[in-house]
Amino acid sequence: MRPWIVYSLLRFGIFAALFALLAVFLRLPLQSMGIAGFAHYMIAALAAAIISLAISYIFFAKLRAAVATDLAERRARAARGEVDDDTAEEDALLDGDASGDASAESPRA
């Protein structure tokens, strides 16, 4: 699995878990201050985002470096003109669709 997928799923999972916990445990303290409803969830979301950012920054440095390396390699391949199999297949399909569907497409008014 590509490193950016793993990194993104981990960050989203941490955010979702923290949001759920904070939404539950911050309800009573925030209600005692007169904060309820939408504002309660916004505070929980903001706190979860900040905490999950700190967790991922501290504990996922190797994975973040792997993501950066993968992106740099992909950009270098694109700069050299190399094309991966997925891109080549997609280009072939688009070229085939562009010539085949042009006559079947109705004119737009």
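Is Tyr41 buried, partly exposed or exposed, and what is its relative accessibility? In this predicted model, Tyr41 has a relative accessibility of 36% and is therefore classed as partly exposed, the limits of that class being 20% and 50%.

The aromatic contacts of the model were examined next. Two aromatic pairs are found when the whole structure is searched. In one of them, Phe15 and Phe19 are stacked, with ring centres 6.2 Å apart and an angle of 15° between the planes. Both residues belong to helix α1, which covers residues 3-25. Their separation in sequence is four residues, or about one turn of the helix. Phe15 has a relative accessible area of 25%, so it is partly exposed. For Phe19 the relative accessible area is 25%, and this residue is likewise partly exposed.

Phe19 also pairs with Tyr41. The geometry here is tilted, at 6.4 Å centre to centre and 45° between the planes. The angle of 45° gives this class because stacked planes are under 30 degrees apart and edge-to-face planes over 60. This pair joins distant parts of the chain, since Phe19 lies in helix α1 and Tyr41 in helix α3 (residues 38-59), 22 residues apart. Phe15, Phe19 and Tyr41 together make up one aromatic cluster.

The buried nonpolar residues were considered separately. Nine residues constitute the largest nonpolar core: Tyr7, Ile14, Leu18, Leu22, Ala23, Ala44, Ala48, Phe60 and Val67. Helices α1 and α3 are the elements that contribute two or more residues to this core. Helix α1 supplies five residues, the largest share. Ala44, one of the core residues, is in contact with Phe19, Leu22 and Ala23 when neighbours within four places in sequence are left aside. Among these contacts, Leu22 and Ala23 are themselves listed in the core, whereas Phe19 is a member of the aromatic cluster.

A nonpolar patch is present on the surface. Leu21, Val24 and Phe25 form this patch, and their accessible area together is about 340 Å². Leu21 is located in helix α1. With a relative accessible area of 47%, Leu21 is partly exposed; the value therefore falls below the limit for an exposed residue, which is over 50%. Helix α1 thus holds Phe15 and Phe19 of the stacked pair, five residues of the largest nonpolar core and Leu21 of the surface patch.

Methods: Residues numbered from 1 in each chain as written. Predicted model: local features only at pLDDT ≥ 70, side-chain atom pairs only at ≥ 80, totals over all residues. Heavy atoms only, no water. Phe/Tyr/Trp six-rings, centres within 6.5 Å; stacked < 30°, edge-to-face > 60°. Buried < 20%, exposed > 50% of the residue type's maximum accessible area, 1.4 Å probe, protein only. Core = buried A, V, L, I, M, F, W, Y, C linked by side-chain atoms within 4.5 Å. Contact = heavy atoms within 4.5 Å. Patch = residues over 30% accessible without salt bridge, like charges linked within 9 Å, V, L, I, M, F, W, Y side chains within 5 Å. Areas by Shrake-Rupley, 256 points an atom, 1.4 Å probe, with all protein chains shown as cover. Salt bridge = Lys/Arg side-chain N within 4 Å of Asp/Glu carboxyl O.
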